[in-house]
Amino acid sequence: MAVTADREAQLLAQVPTGLLINGEWRDAAGGKTFDVEDPATGKVLLSIADASTEDGAAAMDAAADAQESWAATPPRVRGEILRRAFELVTARAEDFALLMTLEMGKPLAEARGEVAYGAEFLRWFSEEAVRVTGRYGTAPDGKSRIMVTKKPVGPCLLITPWNFPLAMATRKIAPAVAAGCTMVLKPAKLTPLTSQLFAAVMMEAGLPAGVLNVVSTTKAGEVTGPIMKDDRLRKVSFTGSTPVGQGLIRDAAEKVLRTSMELGGNAPFVVFEDADIDKAVEGAMAAKLRNMGEACTAANRFIVHEDIADEFSEKFAAKVGALTTARGTEDESKIGPLIDAKSRDKVHSLVEDALEHGATAVVGGAPVDGPGYFYAPTVLKNVPAGARILKEEIFGPVAPVITFSTEAEAVKLANASEYGLIAYVFTEDLNRGLRIGEKLETGMLGLNAGVVSNAAAPFGGVKQSGLGREGGDEGIEEYLYTQYIGIADPTA
């Protein structure tokens, strides 16, 4: 059943509209606000506080002041706060799903999936909090003892993107909380409402004042720039575009900050001639169309063996063409709007460039008329090597198909990118899959799978796709540093 206007209004009325600083919701120092729009209609959902440089400084002060006591808080206590947050988010799953649909555009079914995925980081790191260990042993020469401990790195700046408003927040906040770090969170200006509501849930779960501070703003550089230069900051974690990430890395170098960077992608989706084509098509639907293609993990280049390319393209296009574009709150919605007009225009420019260079649109290929920022799900074939769409991250529901003839050629095409976040390989030959995996320059590989994200697994890339890992056993290590204590021989 479609969501009613009253239900939307009731939910929006529950979202805090201020800045969260030292446990209190307050107006921006200059009193400024900004509008958050529904990308399906272009209408304003809410106006919220627009943080200034002064607000960023206050948030940093709060995080720094809370760090010592929070680091000393028992791991079990930190873990139980995360567990309560998991339970609260799960109990309010419909609220979080609808809020994400309203501000980001994804269909409700996908938003519900993100709630489950995002909440799992809270549960996973609630369990990891008590498993941070060290070691004690005798030095090789027997003259001393070696003790190694792990300690929280300290106050962190967390910068999240607009495409997964809940999961990208929990994926950073949960390990920081588990490790004993305080935080300043700067959500994306296009989708800050989910972070606002989640921060309120964290407070309800018992997170002390000052541990998490939230500064939504339209002036990112003015707010985060001074924080990056603050001597008390110890780490920055960013998810977003590679150019912005490169700038943050340069800024981080000045203070030698710990950095975690989850940046752009240009994922190859390789289908070998021995693949189960129907299985590959299902995998392609998940890898390409989830989140309207607005994901760094989205398949960007479909590299298909020449013997099966026509069959794959036809079956893929048939399923893509059957998808309904509509506001995510509607029952029939399978593809929501892109986030804004700029994003839709970029996607269309990539399609036009490919068509001008000889590609053929099997299905789709144009924006959808009417309100909102919808783009028709598209499959392109005969895409030439020089087309921009094979080099640039699409971030939309468009799938370009190219062909290969040999295994070596497939690997070469797949690696022909400055990015290396994730790749997908479909083959019924397990040895081939593992062999190709060893040759691909990628941080993650989906082998006969179109979705690999999991809170229990390390998420991250190589090359210009970033540094560090989020999730898995590795995730909490990003928020810890190693301390060695040399102890005189106690038997001497």
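This passage describes selected residues and helix packings in a predicted model.

According to an unreviewed UniProt entry, the annotation "domain: Aldehyde dehydrogenase" covers residues 25-484. In the model this span is 40% helix and 20% strand, and the C-alpha atoms at its two ends are separated by 40 Å.

Within the UniProt record, which is again an unreviewed entry, Glu-262 is listed under "active site". The residue belongs to strand E11, which comprises residues 258-262, and Glu-262 is classed as buried because its relative accessibility is 4%, where the class requires a value under 20%. When residues up to four places away in sequence are set aside, the surroundings of Glu-262 consist of Arg-171, Phe-238, Thr-239, Gly-240, Cys-296, Leu-421, Phe-459, Ser-465 and Glu-470. One of these residues, Arg-171, is also joined to Glu-262 through a polar contact of 3.2 Å between the two side chains.

A second buried polar residue is Asn-163, for which the relative accessible area is 6%. Asn-163 is located in the loop that connects strand E7 (156-159) with helix H6 (167-179). Apart from neighbours within four places in sequence, the residues in contact with Asn-163 are Met-104, Lys-106, Glu-114, Asn-291, Glu-294, Ala-295, Cys-296 and Phe-395. With Glu-294 the arrangement can be specified further, since a polar atom of the Asn-163 side chain is placed 3.1 Å from the backbone oxygen of Glu-294. Cys-296 appears in the contact list of Asn-163 and also in that of Glu-262.

Two helix packings were then examined. Two packed helices are described by the angle between their axes and the distance between the axes. For helix H4 (residues 93-104) and helix H5 (residues 108-128), the axes are 8 Å apart and the packing angle is about 125°, so H4 is oblique to H5. The residues through which the two helices meet are Ala-93, Glu-94, Phe-96, Ala-97, Leu-98, Met-100 and Thr-101 on the side of H4, and Leu-108, Ala-111, Arg-112, Glu-114 and Val-115 on the side of H5. The crossing of H4 and H5 has a right-handed sense. Glu-114, which takes part in this interface from H5, is also among the residues in contact with Asn-163.

Helix H4 further contains Asp-95, an acidic residue that is counted as buried because its relative accessible area is 13%. Once neighbours within four places in sequence are excluded, Asp-95 is in contact with Arg-7, Leu-11 and Gln-14.

The other pair consists of helix H3 (residues 75-91) and helix H7 (residues 193-204), whose axes come within 9 Å and cross at roughly 130°, and H3 is therefore oblique to H7. Leu-82, Ala-85, Leu-88 and Val-89 form the H3 side of the contact, while Phe-198, Val-201, Met-202 and Glu-204 form the H7 side. As computed from the model, the crossing of H3 and H7 is right-handed.

Attention was next given to backbone conformation, where two residues other than glycine adopt a positive phi, with Asn-382 at about 55° and Lys-463 likewise at about 55°. Asn-382 is situated in the loop between strand E15 (378-381) and strand E16 (398-404), and is classed as exposed because its relative accessibility of 51% is over the 50% cut-off. Lys-463, by contrast, lies in strand E20, which spans residues 462-463, and with a relative accessible area of 36% Lys-463 is partly exposed.

Finally, Pro-377 was considered, a residue of the loop between strand E14 (360-363) and E15. Pro-377 counts as buried, its relative accessibility being 8%. With residues up to four places away in sequence left out, Pro-377 touches Leu-289, Val-320, Leu-323, Thr-325, Ile-335, Val-363, Gly-364 and Pro-397. Between Pro-377 and Arg-388, which are 11 residues apart along the chain, the separation of the C-alpha atoms is 18 Å.

Conventions. Residues are numbered from 1 along each chain as its sequence is written. This is a predicted model: local features need pLDDT of at least 70, side-chain atom pairs count only at pLDDT 80 or more; totals for chains, interfaces and linings use all residues. Side-chain values use heavy atoms; hydrogens and water are left out. UniProt positions are given in the numbering used here, feature names are shortened, and annotations may be inferred rather than shown by experiment. Helices (H or I, at least four residues) and strands (E, at least two) are DSSP runs, numbered from the N terminus. Buried means under 20% relative accessible area, exposed over 50%, partly exposed in between (1.4 Å probe, protein chains only). Contact means heavy atoms within 4.5 Å. A polar contact is a pair of N or O atoms within 3.5 Å; within protein, one must be able to donate a hydrogen and the other to accept it, and residues adjacent in sequence count only if both atoms are side-chain atoms. Axes are lines fitted to C-alpha atoms, for helices over the stretch in contact, and angles run from 0 to 180 degrees between N-to-C directions. Angles under 35 degrees count as roughly parallel, over 145 as roughly antiparallel, 65 to 115 as roughly perpendicular and the rest as oblique. A crossing is left-handed if the near helix is turned anticlockwise from the far one by less than a right angle, and right-handed if clockwise.
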